[in-house]
Amino acid sequence: MKKKNVNINVEYLTRVEGHGNIVVNVKDGRLETCRLDIVEAPRFFEGMLRGRSIFEAQHITSRICGICSCGHTLASIQAAEDALGITPTAQTIKLRKLLLHYETLDSHILHIYLLVAPDLLGVKSFVPLITSHEQVVRRALRMKKTCNDLCDILVGRHVHPISAIVGGFTKLPRPKDLDAMLDLLKGMGPDMEATVELAKTLKFPEFERDTEYIALVNDSNEYPFLTGDVGSTDGVRMNKKDYKKITNEFVVPHSSAKHAKLSRESYAVGALARLNLNYDKLHPKAKEVAAAIGLKPKCINPYLNTAAQLVENVHCLEDAIAIIEDLKNTGINYYEEIVVGLNEQFKISVKAGNGVGAVEVPRGILFHNYQIDDKGIITDANCIIPTSQNTNNIEHDMKKLVPEILDRSEEEITLSLEMLVRSYDPCISCSTHFLDVRFVNR
Amino acid sequence: MEKAKVAFFDFACCEGCQLQVANMGEALINVLGAIDVVEFREVMSEKWDRDIDVAIIEGSITNPHAVERVKQIRDKSKILIAYGSCATIGGVNGMKNGFPLDEIRRYVYGESYQFFPTENTKSVPQVVRVDYFVNGCPVYIPEFVAVLKAVLQGIPYYVPDYPVCVECKLNENVCMYDRGVTCLGPVTKAGCNSWCVNNGNICYGCRGVISNPNEKGAQDVLAKYKIPLGLILNKMNMYNKCRELEQK
């Protein structure tokens with residue numbers, strides 16, 4: 001083969017949340033540079049949290065990301081309750097799991113239909129699809145709206161939920177609300193089936209790289225989203241309190257920025273990681289779908305993260321229905337409704353402490369960690385988001401992929417790389433502190 | 001008549017307000033029928049480098065690059081809409097301004113902090129002229145649609161300049177002060193239909209302060225409920241810290 005030169009510079013990668021650039025440089029057939037640069041304007045959330053009340057943390061950190069604002073809310077609440085020594089009630093836990101299912105459904109639908117499908121159908125965005133595939137776009141928007149309506153009923157809205165706070169909920173769903181949510185979920189069934197049928201027809205690129213997958217694990221029969229230990233496909237299992245031993249931020253010699261790794265050169269989090277670790281605990285219907293699209297653990301094709309999201313959607317829909325039916329049977333205890341107040345009335349006893357929250361949000365495991373003083377004021381904060389854990393893994397994928405497809409045109413290589421990055425569903429706007437940031441041409 | 005060319009641009013923000021557009025459901029197809037979206041990076045790969053009829057700006061201005069970029073967008077846009085709290089009033093990003101810049105950069109990024117240039121957070125109207133405002137964190141979609149209609153018809157849109165309390169009373173909520181909790185409803189611009197209080201939470205002031213707040217009334221409320229001034233000022237800083245900087 002002729003010695004080839006390739007120079008790819010994708011500035012402001014589209015159809016991802018946030019700002020990232022892909023830089024690849026091949027000289028005489030040798031890969032010299034292969035990077036995903038993160039150029040999001042930093043927002044300093046961890047710094048801004050210092051001096052705020054622990055009871056405000058959830059409200060503020062929800063604003064890290066509009067797409068996974070419920071996930072940030074729940075990780076933040078978990079960390080705050082851990083620090084304060086509060087144990088949530090069984091009812092509160094059920095409602096939080098329900099909220100997380102809604103967000104996972106919503107986020108995965110956005111990613112599958114609006115961000116990934118255009119690539120697989122060969123167009124630039126969903127807008128041209130309005131004419132060519134009108135029913136598909138309508139279905140996607142309808143499903144998204146349903147998730148949004150579900151969140152409206154449960155927590156006031158999806159983007160920056162209102163009623164989920166430390167200690168529980170400021171407003172609990174009434175019996176008619178439970179009925180309405182059940183109707184909405186069941187009404188989504190046919191659209192979900194159509195989505196599965198569509199997915200069966202889509203062809204994902206073939207590419208494999210074995211890596212370590214990390215997600216929450218537990219000893220129960222439940223596919224874990226809200227609670228559990230942190231586990232990996234390389235056999236690691238640790239308490240969430242030890243999250244820093246999982247993420248192992250380290251400095252690479254040629255740059256001042258940090259990477260995350262555990263047992264090998266990189267690791268991945270997200271839907272595919274969860275599926276690889278907890279496949280047996282998926283709802284039977286979700287397993288059927290996984291079998292139908294040929295997805296089984298351990299799957300090491302990163303492009304199939306999107307397929308894993310679809311499988312999770314089937315699981316979340318079924319499990320959400322089960323949770324609501326359970327709540328309808330037991331009835332909601334409205335005495336648990338709490339008044340927000342940032343603890344102004346000193347109703348929750350406050351002590352100095354350190355708390356960690358570890359929650360599976362749509363893009364993978366999310367850690368929040370707060371240190372508070374004896375007045376409940378935050379003195380230290382740390383948030384490690386899924387995308388920052390994945391960046392190192394994405395770069396390793398890119399380094400393996402580029403030489404394999406070097407015989408293709410520059411446009412094709414660029415598209416393959418964009419699709420690879422997009423398959424991780426990166427949420428760059430989350431970059432509270434992005435682990436892996438390097439700037440070129442500066 | 002040719003459809004207006006509309007572009008979305010994001011600066012420092014969570015992109016939740018853009019997401020609110022996708023959350024409209026099938027109604028979005030009707031909106032897209034009335035406008036021609038030429039750039040929207042979060043969901044579209046299409047790019048546009050010519051003049052724009054309506055630029056919708058999300059996010060706050062936090063570094064020198066952003067200042068230049070928003071000025072360029074202003075220059076090529078007939079109408080500019082500040083979209084969401086981060087754009088209209090600086091929003092939560094403004095809390096950064098309560099810290100010395102080098103200190104907060106070093107806290108978050110450690111020794112490599114010099115790679116992360118930042119300035120005091122500014123709202124969009126503190127950098128360029130803004131024609132329309134859609135307040136809120138996140139934006140309230142019915143208001144966004146109302147603003148968009150006004151823009152397309154070439155008529156002004158007036159953001160309500162009375163407090164959230166007005167809407168809250170119409171929604172028959174029990175006053176949060178009567179529940180023993182401090183709320184920013186009395187000084188915050190209405191237009192959200194008292195969204196947070198309807199759901200049992202307080203108003204955090206995300207829509208910005210009304211132009212003529214009833215300070216005497218607010219002082220009476222604080223005195224009646226024995227609320228220290230520091231507490232309320234601290235709450236104000238969550239969204240409204242950028243007020244301390246000059247308006248353009």
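Q: In this predicted model, which residue of β4(B) stands opposite B:Val54?
A: B:Val54 faces B:Ile79 in β4(B). The strand pair behind this is β3(B) with β4(B), residues 77–83 of chain B.

Q: What makes β3(B) and β4(B) count as paired strands?
A: Pairing asks for at least two bridges found by DSSP. Here 6 bridges join β3(B) to β4(B), and the two run parallel, so the term applies.

Q: How do you know that β1(B) pairs with β3(B) too?
A: The same kind of test works: at least two bridges are needed, and β1(B), residues 4–10, shares 5 bridges with β3(B) in the parallel sense. One place to look is B:Phe8, which stands opposite B:Ile56 in β3(B).

Q: Why is β3(B) called largely enclosed by the rest of the structure?
A: A residue is buried if 20 or more other C-beta atoms lie within 10 Å of its own. In β3(B), residues 52–58, 6 of the 7 residues are buried, so the strand is largely enclosed.

Q: What makes the side of chain B that touches chain A what it is, by class?
A: Contact means C-beta atoms within 7 Å, and 53 residues from chain B and 52 residues from chain A take part. Elements of chain B giving two or more residues to this side are α1 (16–22), α2 (27–34), α5 (101–109) and α8 (195–198). Of these, α1(B) gives the most, with 5 residues. By class, chain B's side has 30 nonpolar, 15 polar and 8 charged residues.

Definitions and conventions:
Residues are numbered from 1 along each chain as its sequence is written. Chains are lettered from A and ligands numbered from 1 in the order in which they are written. This is a predicted model: local features need pLDDT of at least 70, side-chain atom pairs count only at pLDDT 80 or more; totals for chains, interfaces and linings use all residues. Two residues are in contact if their C-beta atoms, placed from the backbone, lie within 7 Å. Helices (H or I, at least four residues) and strands (E, at least two) are DSSP runs, numbered from the N terminus. Ala, Val, Leu, Ile, Met, Phe, Trp, Tyr, Cys and Pro count as nonpolar, Asp, Glu, Lys and Arg as charged, and the others, Gly among them, as polar. A residue is buried if 20 or more other C-beta atoms lie within 10 Å of its own, exposed if 12 or fewer, and partly exposed in between; C-beta atoms are placed from the backbone.
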